[in-house]
Amino acid sequence: MAELTIIFEALWANAIKIERTIGEADNPLAKLCLTVLREQKQQLERLLPKLADEGSILTSGKQALSIVYHDDELIDSYFRSWLRHLKWSEDPFLPEAERLLTVLEETKSRLTEAASLLEDRYGYDAVKYVIPAFYMPIHH
Amino acid sequence: MSWIDERVDMNVYTQGDIDRWVYSTCNICSVGCGCHIAVKDNKIVGIRGNAAHPINRGRLGPKGENQWYANNSTDRLLTPLVRNASGELEPATWDEAMSLIVRKTKETLAQKGANSVAIYSTGQGHLEDYYTIGKIGRAGLHTHLLDANTRLCTATTEFCLLQSFGADGTPASYDDVDETDVLMLFGHNLAETGTVLFERVLQRKKRTGKPYLIVVDPRLTPTAKEADLHLQLYPGTNVPLLNGLIRMIVKAGRIDEAFIRNYTIGYDAMLASVEEWTPEKSAEATGIPLAQLEAAAEALGQTSRLVTTTLQGTFQSADATTACVDINNLHLIRGLIGKPGCGPLHMAGQPSSSANRTVGGVGTYPAHRNPQNPKHLQEMARLWNVEERVLPAGPEKGIEDQLSLIEQGKVGLFWNIGTNPLVSLPNRTRVKKALESVFVVVQDPFLTETAAVADVILPAALWGEKEGTMENADRTINLLRKAVDPPEGVRSDFDILLDFARRMDFRDKDGRPLIGYDSPEACFEEWKAVSRGRPCDMSGITYDKLERHNGLRWPVTEEAPLGTPRLYADLRFRTEADDAQSYTKDQFTGRPLTASEYAELKPDGRAILHPTRYSPPPEQPTASYPFWLTTGRLVWHWHTRTKTARSPYLQAIAPNAYAEINEEDAEALSLLPGELVRISSPRGWIEVPANIGNAVQKGLIFVPFHYGSWDGHQAANELTADFVDPLSKQPTFKQSACKIEKIRHSHALTREDTLQTVADHYRIRLDDLLKANRLKADHAVQAGQTLEIPISAANVTLPAYRPYLKQV
């Protein structure tokens, strides 16, 4: 599944980018976001080698895959909350944080693409309890 | 029971004898008082408490006594309304309104997929409504977007119970409150939010000296005034307080080691998380003197009977679920659960919000089933006779996440049932903007503030006009008989939902209608089968039995035909992987654990002690916004006053909002009592009179959230930040930042002016003029000097409601 490898490598790169950018922030929402992001990055590092064996990704990589997706839902929520906080506090970091939103949206888009690939290959029943519904193709 | 006598509170207004009394339950707070509704000429004309009901023995709170006025209000909605092409709401027939809703639902599903239709319901409906919403939502619409205003009210109760005990259902009950030696009311202003239960506590205390009452609250509330020990902590520091207390109790060796060993997991990690919270650090973080912390640790560490209750001061604060888990941890390490007089009693705010959680109208699947567990979904598929693959898996979306999805264009229809989010949700400017972008259905007896964004309005029946059951805060299922028919043109929530299901032609896998029942009682019978064998088993309940016994606490089964006063008496918790309602979440980040992560924990029927890492409120006072803002309830009103403002009595007592301001802060700002001030936050502003005193600590402003009319500028939720707890997703209404500004005219003194003539001109007292300008009485007037003139002043002194003081 070279396509999946490409997607998850890109996600890993995005995670690094976001971590570097907000790494010093000390607001509780940013800390939460970072904690989840670091977990996501760690899970991606576990997942990537397993993608080489495409036949077993939903067994050997099931847990990592699931965590990556669920972490993304949280990162999105915490990041958007933090963004509101930055606006309200007129924080000079705001423009940079707003640029990161594009990266997050790209991550989400790639995860949706990966969900579609996984469903096509393994079927809906195999991914139903692994991938959150909001990443699944719209017909669900 | 604690009550030693009955006292039948009654409020009836009619001429001549009434026709009949109809069995019911109070529909205001979560205490669950039994009552009878007075009916004359097919009209509700009053209420009286049910003397035989064990919860209240005839007593009613002030809102309960006056709730029936709303039924007869002349501004009841009597026909559906549909917004026309020019943006006006105009009357429509039920067929027109329902056809439009069905058409919009189908269009949305076709365009945006299953997770594009949201149902946002209430904690004030009936169990049967919620079960039907759950079934329609999951098996009909296949949506994850089922939420309710219970998210603002009791979501944290659910999530802290899932974390610690594997399933929802508060372990202790009011019976335990009656038997405990120490009662800790944590962020729980019981004197104003549950007056009858508070009276019950104080009556026993007067009679026996028990319980020793610890109240944790940043405000000096009427509840705190009755406390033996009031821990008046800084806002947002519940976890530093609890971590500090747990550490002190552990260091003093006052833990039940055998209990911890046999019935819990996770002790070492929990202990490590509190290790940094020395008494000194806890005292500094919370502002509570060390001696008071020691007194609390002593009381909590020595007692053999402890009940801890929680409410919005805990649930609506930063770290809400972690604080409640902290409380569960405290009970577990002391072995104070599952026996008389012991246990956490995490409350609910509304009269039936617990029922919504129990039957799956919000959150997880019905009867405490885990949406991540395929076996639980297979059970539900069998019970509902649908294919398992159509039932959505995975965690639900709370209202704040739903708003975010609406902003991203992913939701097409938002169906609002029995709640008023444009007053009750935080940061309402954002909420209004979001809801303006979707098709909104509002189902309510009145034209609420939320009608401003409605595309269709459905007039719904009120309490007394429909039959059903409710679940209160201590797992009691109570019955409400129908006293009168709804006004012509009005339908019950239940009937509206059934009509929607019929029109949508929802069917099971054999082609039969998905909703096969046609009355609330028939619905309850189906629900009983769904609940069988689960923690909330209600298979032993019938409507008649509920009336005969005046409510029953679940589980009610063949083995426990009269219900269960407390959970976990056998010390078997619902944490077996295939039994648990949740695989739990990471206690800090809120990330749902996978099935294998949960299995690795091996709780296997033991309770789970979680680490309780502190995360402070995201928004805190700054140089620009130097005050804490907290919001809350008054004893005289309920939520957004949709019902209570229609009681002439309640509305006359508390007609307007105000801001409680500490007297030192008022002095520093030279504010006058009742003076109109502007309170601003980064999100908006309100203008309300200042209520100066010592109820709030220095640096804190309190504003009641009941007042949200678009006509004025009194809505507390113009100010609040919309951050949520990581686990329960409950908004943190209790901690935002704000500032106070005086609103004053200026008057340039002339040579002819004296201070008295200026005071007379503006019709204020000379003393007030002097105080507002920090002048002495002998101040020499200088022409050209500018004086500040307070723009207006109001009497903001509310009468106290404390009937128990007459008795004790």
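**Exercises on two interfaces of chain B**

Across the interface of domain 1 and domain 4 of chain B, the rule finds 0 salt bridges. The model examined here is predicted.

**Exercise 1.** Describe the interface of domain 1 of chain B and domain 4 of chain B.

*Solution.*
Step 1. Locate the parts: domain 1 of chain B spans 10–72 and domain 4 spans 627–743. Their centres, taken over C-alpha atoms, are separated by 31 Å.
Step 2. Count the contacts: 8 residues of domain 1 of chain B meet 12 residues of domain 4 of chain B.
Step 3. State the area: about 860 Å² is buried between these two domains, with 69% given by carbon and sulfur atoms. On the domain 1 side, I28(B), K63(B) and N66(B) lose the most area, together 51% of what that side buries.
Step 4. List the polar pairs: 2 residue pairs are in polar contact across this interface. The touching residues of domain 1 of chain B comprise 5 nonpolar, 2 polar and 1 charged.

**Exercise 2.** Determine how many salt bridges are counted between chain B and chain A, and describe the interface.

*Solution.*
Step 1. Establish the extent: 46 residues of chain B contact 31 residues of chain A. The buried area is about 3,100 Å², and carbon and sulfur atoms give 57% of this area.
Step 2. Identify the main contributors: R389(B), R591(B) and F723(B) supply 19% of the area that chain B buries against chain A, more than any other three residues.
Step 3. Count the salt bridges: there are 6 between the chains. One pairs D71(A) with R591(B), whose closest N and O atoms lie 3.7 Å apart, within the 4 Å cut-off.
Step 4. Add the polar contacts: 12 residue pairs are counted between chain B and chain A.

Note on methods
Residues are numbered from 1 along each chain as its sequence is written. Chains are lettered from A and ligands numbered from 1 in the order in which they are written. This is a predicted model: local features need pLDDT of at least 70, side-chain atom pairs count only at pLDDT 80 or more; totals for chains, interfaces and linings use all residues. Side-chain values use heavy atoms; hydrogens and water are left out. Domain bounds come from an automatic or database domain assignment. Contact means heavy atoms within 4.5 Å. Buried area is the accessible area (1.4 Å probe) that two parts lose on being put together, summed over both. A salt bridge is a side-chain nitrogen of Lys or Arg within 4 Å of a carboxyl oxygen of Asp or Glu. A polar contact is a pair of N or O atoms within 3.5 Å; within protein, one must be able to donate a hydrogen and the other to accept it, and residues adjacent in sequence count only if both atoms are side-chain atoms. Ala, Val, Leu, Ile, Met, Phe, Trp, Tyr, Cys and Pro count as nonpolar, Asp, Glu, Lys and Arg as charged, and the others, Gly among them, as polar.
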